[in-house]
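This report describes selected features of a protein model. Please keep the sequence and the structure in view while reading.

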Amino acid sequence: MIQINNLHKSYKIGSNSLHVLKGIDLKIDEGELVAIMGSSGSGKSTLLNILGMLDIADDGKYLLDNVLIQDLTETTAANYRNRFLGFVFQSFNLINYKNALENVALPLYYQGLGRKIRQQKALEYLEKVGLKDWATHLPSELSGGQKQRVAIARAMASQPKVLLADEPTGALDSNTSNEVMGLIQKINEEGKTILVVTHEIEIAHMCKRIVTLKDGVIVEDKKTNQTLIDTNV
Amino acid sequence: MFSRDRWQEIFETIRKNKLRTILSGFTVALGIFIFIVLFGFGNGLKNSFEEFFLDDATNTLWLYPGVTSKAYRGFKDNRRIEFDNSDLIDIQENFAFFLERITPRINRREVLGYKNKSNSYYTRAVTPAHQYIEKTVIMKGRFINQKDLEEKNKNIVIGRLVEQDLFKNENPIGKYVEIKESAFKVVGVFQDKSGDREERLVYLPYTTRQLLEKTNDKIDQIIVSFKPELGYVGALAFERQLRDFFKNKKVIDPSDKSGLYIRNTAEMVKQNQQFAATLQIIVAIVGFGTLIAGIIGISNIMVFVVKERTKELGVRKALGATPISVVGMILHESIFITTISGIFGLLIGVFVLSRLGDQLEQYFILNPYVDTLTAFIATFSLIFFGAVAGYIPAKRAASIKPIVALRDE
């Protein structure tokens, strides 16, 4: 599903150049649930941003579902993001003046679907994350866990090939973290490829594979004994 | 671009961001409102100015006899100069090149009586030309005509307020009023915008007046109008030649300034027109300044709006919004709000101006108005510059990488 070769990325900070990714090779198959671990500054978020086409690599090859991702214009990047990728952020990034349903329906709007279908699909995904009854609530009326579940529903609504989660539990307490990870596991069970960036070892162990980054290179890549969360959400 | 979905998205955004909507809408509406009202007031000021100063004919010379201050060719000083009918004929014969119309004026105060009512009014004995020189507007009947003049008819033309005083609701045309125990027929009623005093006047043929005064041929003043095509320079030449002619005819020392007075409206008109032009420039500057202030206001708000939405735009981009759709959305929204509120402000402004009407006449603001073209140009330039001001930050926001826009803390 995802294949990257020799990926490099550096940032200019003043006159210095900070080499963040120093040649990453990674292959992720369909249906995998991969944790990308590392301390802060290890380059894990940069990697995720490049995978998410939110940022552009300096060098290297990136294939997403056998499509070579390079020389993207803003517009094609936007279209690829819309069709291939779903994002879950640490700080949820829900649009605060739109209710849960409208937030979930937003990527569908950018897919050019009609209003009725958008509403119907959005409601369907809200139901999947167990928040059908909260459809008309604004993000400010939801708890952190609920917000993240809405964000997951939103990421899923466009039926992306890959779900990218950047510290999805970073702003949540451990109970809600488990809840959210349980949901991610459930989505993964249904066959979706998911990448989770985290620095928490417990969260990483809830995934099937852990890729550890340190100073811009992969230092470890191993399968885990996945801790399954028993959820009934 | 203008799909129903886009509109729905925009209405939703507008509805759910009331403060933002009201703020930007209010700025535009207020800007246009103030522009309309100030510009209207400026026009009102110009109107009253024109009413005051540009009412009478602008190509006239007024000749007043004075009292000499110097002895000259055997005449002692302190001699009263008088005009008579021969002066009228002399002007007509000698100044045909310059002359358009001529009328004498003999001013007297008379008591007019009708039935049991009577009142004292100023009367002016004139020729038919006087109507053009004073721009007298006839409401009923007619002005003094040539026949009245030749037959020395006892016909009078009365002001609107004289009619009101003496006749109430009766039609005065053809009725007889009593002046000094003889009956004068009312042949016309006139109005004059210059004010109440003008509308309490009574006109009669100067020949009739001279007949009443034992067939003398004395005249109080002479008013001549010159051909407008002569222009300012021609008017000055006419004035100089008239002055020379009469100083010679009436035997006045050429250096004596008090024997004869000539008031030349051409000079006044020139000054007045300069003043009116200055007024126009001031009005334009006030309008332009207001508009600039409005544009700056809406620009500030647009920058603020886009800044406030940076994160939201980042989210939208992460979810698949293209840069064009982001810019389009912001512009669409801002143009919609500014158009609606601009037109709203325009209507309120025009409404206020029309309601004020002549209520501010005492502050020299008469019939304030804004012409449609100016109003629409102002409104649309505000909308346009609002859009431009929104476009620049929107473009920038749209080109920010979503990752930057989404960066926390």
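How many nonpolar, polar and charged residues does the lining of the second largest cavity have, by class? The model examined here is a predicted one. In that model, the lining of the second largest cavity has 7 nonpolar and 3 charged residues, and no polar residues.

**Cavities**

By the rule applied, there are 5 cavities of 30 Å³ or more. The second largest cavity, with a volume of about 80 Å³, is lined by residues of chain A, including Tyr125(A), Lys128(A), Val129(A), Leu183(A) and Glu190(A). Ile152(A), Ala153(A) and Met156(A) are also among its lining residues. At least two residues of this lining come from each of three helices of chain A: helix 4 (115-128), helix 5 (144-157) and helix 6.

The largest cavity has a volume of about 100 Å³. Its lining includes Arg20(B), Met302(B), Arg309(B), Glu333(B) and Ile337(B). Helix 2, helix 9 and helix 11 (323-356) of chain B each contribute at least two residues to that lining. The greatest contribution is that of helix 11 of chain B, which gives 5 residues. Sorted by class, the lining of the largest cavity comprises 5 nonpolar, 4 polar and 3 charged residues.

**A pocket**

The second largest pocket has a volume of about 430 Å³. Two or more residues of its lining are given by each of helix 2 (18-53), helix 9 (265-308) and helix 10 (310-318) of chain B. Of these elements, helix 10 of chain B gives the most, with 3 residues. In total, 19 residues line the second largest pocket, and those nearest its centre are Leu94(A), Ile95(A), Asn96(A), Tyr97(A) and Glu312(B).

The table sets out the classes of lining residues for the spaces discussed above.

| Space | Nonpolar | Polar | Charged |
|---|---|---|---|
| Second largest pocket | 8 residues | 5 residues | 6 residues |
| Largest cavity | 5 residues | 4 residues | 3 residues |
| Second largest cavity | 7 residues | no residues | 3 residues |

**The contact between the chains**

The size of an interface is often given as the accessible area lost when the parts come together. For chain A and chain B, the buried area is about 2,500 Å², and carbon and sulfur atoms give 54% of it. On the side of chain A, the residues that lose the most area to chain B are Tyr97(A), Tyr109(A) and Tyr110(A), which together account for 27% of what that side buries. The contact takes 27 residues from chain A and 29 residues from chain B. Tyr97(A) thus appears in two settings: among the residues nearest the centre of the second largest pocket, and among those of chain A that lose the most area to chain B.

**The sheets of chain A**

How many strands form the open sheet with mixed pairing in chain A, and in what order? This sheet consists of 6 strands in the order 6-7-8-3-9-10. Strand 6 (85-88) and strand 10 (217-223) of chain A are its edge strands, each pairing on one side only. On average, neighbouring strands of the sheet are turned by 20° against each other, with direction ignored. Strand 6 of chain A pairs with strand 7 (residues 162-166) of chain A in the parallel sense over 4 bridges. Phe87(A) stands opposite Leu164(A), a residue of strand 7 of chain A. Helix 6 (residues 174-189) of chain A lies across strand 3 (33-37) and strand 8 (193-198) of chain A, and runs at about 155° to strand 8.

Another open sheet of chain A has 4 strands in the order 2-1-4-5, with antiparallel pairing. Its edge strands, each pairing on one side only, are strand 2 (16-28) and strand 5 (67-68) of chain A. Strand 1 (residues 2-13) and strand 4 (residues 59-64) of chain A are joined in the antiparallel sense over 5 bridges. His8(A) stands opposite Asp59(A) of strand 4 of chain A. Helix 1 (residues 44-51) of chain A packs on this sheet and touches strand 1, strand 2 and strand 4 of chain A. The direction of helix 1 of chain A makes about 120° with that of strand 1 of chain A.

How values were computed. Residues numbered from 1 in each chain as written. Chains lettered and ligands numbered in written order. Predicted model: local features only at pLDDT ≥ 70, side-chain atom pairs only at ≥ 80, totals over all residues. Heavy atoms only, no water. 1 Å grid on protein atoms, 1.4 Å probe; cavity = no way out; pocket = protein on both sides within 12 Å on 5 of 7 lines; lining within 4 Å. Points joined across faces, edges and corners; volume = space filled by probe spheres on them. Nonpolar A, V, L, I, M, F, W, Y, C, P; charged D, E, K, R; others polar. Pairing = 2+ DSSP bridges. Axes fitted to C-alpha atoms, helices over the stretch in contact; angles between N-to-C directions. Contact = heavy atoms within 4.5 Å. Buried area = accessible area lost by both parts, 1.4 Å probe.
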